[in-house]
Amino acid sequence: MMENTERFPKHIAIILDGNGRWAASRGLPRALGHKKGCETLEQIVEDCARLGVSYLTVYGFSTENWKRSEEEVGALMQLFRFYMKKLISVANANNVKAKMIGERSRFSGDIQEGIRALEESTKDNTGMEFIFAVNYGGRDEIIRAMHRFSEEYRGENLKDALANLTEEQLASYLDTKDIPDPDLVIRTSGEFRTSNFLLWQSAYSEYYITDVLWPDFNKEELLKAIESYGKRERRFGGRKK
């Protein structure tokens with residue numbers, strides 16, 4: 001286990017990108033790329049837990065991913081069903097607590113039950129917290145947060161509540177209300193965009209972009225990202241001293 005210092009990220013977030021390209025480059029169906037990506041995720045969860053990362057958030061399925069073909073979405077749902085069960089044993093073997101962020105109501109009942117079972121089965125674990133973002137979008141999250149805020153103050157003076165709203169208060173209505181902002185955001189497959197991921201939370205995160213496709217991402221690549229993070233000076237909008 002690595003020692004948690006200012007040079008070591010407490011919270012790592014990853015945009016899992018490149019499953020389809022990995023499969024296409026091998027003449028395989030996209031579904032097999034997603035399957036290999038799930039296997040990679042299993043290993044990275046273990047690696048992060050053993051390295052001493054406190055929080056790991058991964059972008060598994062966005063609110064925009066529903067626009068993909070019916071066949072691909074169906075294959076992804078089947079993978080969810082399988083890996084929600086498998087992640088219970090992976091998480092418990094590594095003392096990992098699992099939590100979903102995103103809007104779960106759009107998923108079928110059995111997938112919602114699988115998510116609930118994963119969270120319930122790992123809730124007492126005291127090691128790394130693994131946060132999986134599914135049916136998640138940063139803009140959607142902020143809208144849902146404002147809906148929750150408005151609902152809470154509906155019987156009072158909403159205008160005054162909005163006039164006095166602080167960043168800390170708004171953050172308390174986000175899906176990540178009990179989770180610190182990510183220190184490091186990793187994006188695989190060489191793309192330079194946020195893709196609507198943790199828009200509020202990553203305002204001052206350090207980004208690391210790698211050309212490696214997600215199914216090929218491994219502990220060595222993870223350590224490269226952590227090493228890069230350790231060489232940076234985080235200013236949070238301030239000037240260098």
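## A walk through the predicted model

Q201 sits in the loop between β5 and β6. Bear in mind that this is a predicted model. Is Q201 buried or exposed? With a relative accessible area of 3%, Q201 is buried. Its side chain also has a partner: a polar contact of 3.1 Å joins Q201 to the side chain of E141. If we set aside neighbours within four places in sequence, Q201 is in contact with Y136, E141, L174, T176, D181 and P182.

Now for the nonpolar interior. In general, nonpolar side chains in soluble globular proteins tend to be buried together. Here the largest nonpolar core has 43 residues, and L56, F130 and F132 have the most contacts inside it. Helix α3 (residues 70-93) gives the largest share of this core, 8 residues. Another core, of 12 residues, lies apart from it, with Y55, A133, I179 and L198 among its members. What does F130 touch, once residues up to four places away in sequence are not counted? The list is L41, V45, L56, V58, L87, V96, K97, A98 and K99.

On to the aromatics. A search of the whole structure turns up 12 aromatic pairs. One of them is W214 with F217: the ring centres are 5.3 Å apart and the planes meet at 20 degrees, so the pair counts as stacked. W214 and F217 are both buried. Elsewhere, ring pairs tie F61, W66, F80 and F107 into a cluster.

Two helices can be checked for length against the 1.5 Å a residue rule, and here is how they come out.

| Helix | Residues in helix | Expected span | End-to-end C-alpha distance |
|---|---|---|---|
| α8 | 12 residues | 16 Å | 16 Å |
| α2 | 22 residues | 32 Å | 31 Å |

For α8 (residues 219-230), the distance agrees with the expected span, and the α2 distance agrees with its own expected span too. Right after α2 comes G52, whose phi is positive, near 100 degrees.

Helix α8 deserves a second look. At its N-terminal end, N218 acts as a cap, with a side-chain oxygen 3.2 Å from the backbone nitrogen of E220. Within α8, the buried residues are E221, L222, A225, I226, Y229 and G230. What covers these buried residues of α8? The cover includes β1 (11-15), α2 (30-51), β5 (184-187) and β6 (206-209).

Next, the cysteines. A disulfide is a covalent bond between the sulfur atoms of two cysteines. How many disulfides does the model have? The count comes to 0. Why is C38 not bonded to C48? The closest cysteine sulfur to that of C38 is the one in C48, and it is 16 Å away, too far for a bond; the cut-off for a disulfide is 2.5 Å. Seen from the other side, C48 is in no disulfide either, and its nearest cysteine sulfur is that of C38, 16 Å away. C38 counts as buried because its relative accessible area is 19%, and the limit for that label is 20%. C48 is buried as well, at 0% relative accessibility.

Finally, a stop at S150, which lies in helix α5 (residues 138-152). S150 counts as partly exposed because its relative accessibility is 27%. S150 and R116 are 34 residues apart along the chain, and 27 Å separates their C-alpha atoms.

Technical notes. Residues numbered from 1 in each chain as written. Predicted model: local features only at pLDDT ≥ 70, side-chain atom pairs only at ≥ 80, totals over all residues. Heavy atoms only, no water. Buried < 20%, exposed > 50% of the residue type's maximum accessible area, 1.4 Å probe, protein only. Helix = DSSP H or I, 4+ residues; strand = E, 2+ residues; numbered from the N terminus. Expected span 1.5 Å × (residues − 1). Contact = heavy atoms within 4.5 Å. Polar contact = N/O pair within 3.5 Å; in protein donor to acceptor, adjacent residues only side chain to side chain. Phe/Tyr/Trp six-rings, centres within 6.5 Å; stacked < 30°, edge-to-face > 60°. Core = buried A, V, L, I, M, F, W, Y, C linked by side-chain atoms within 4.5 Å.
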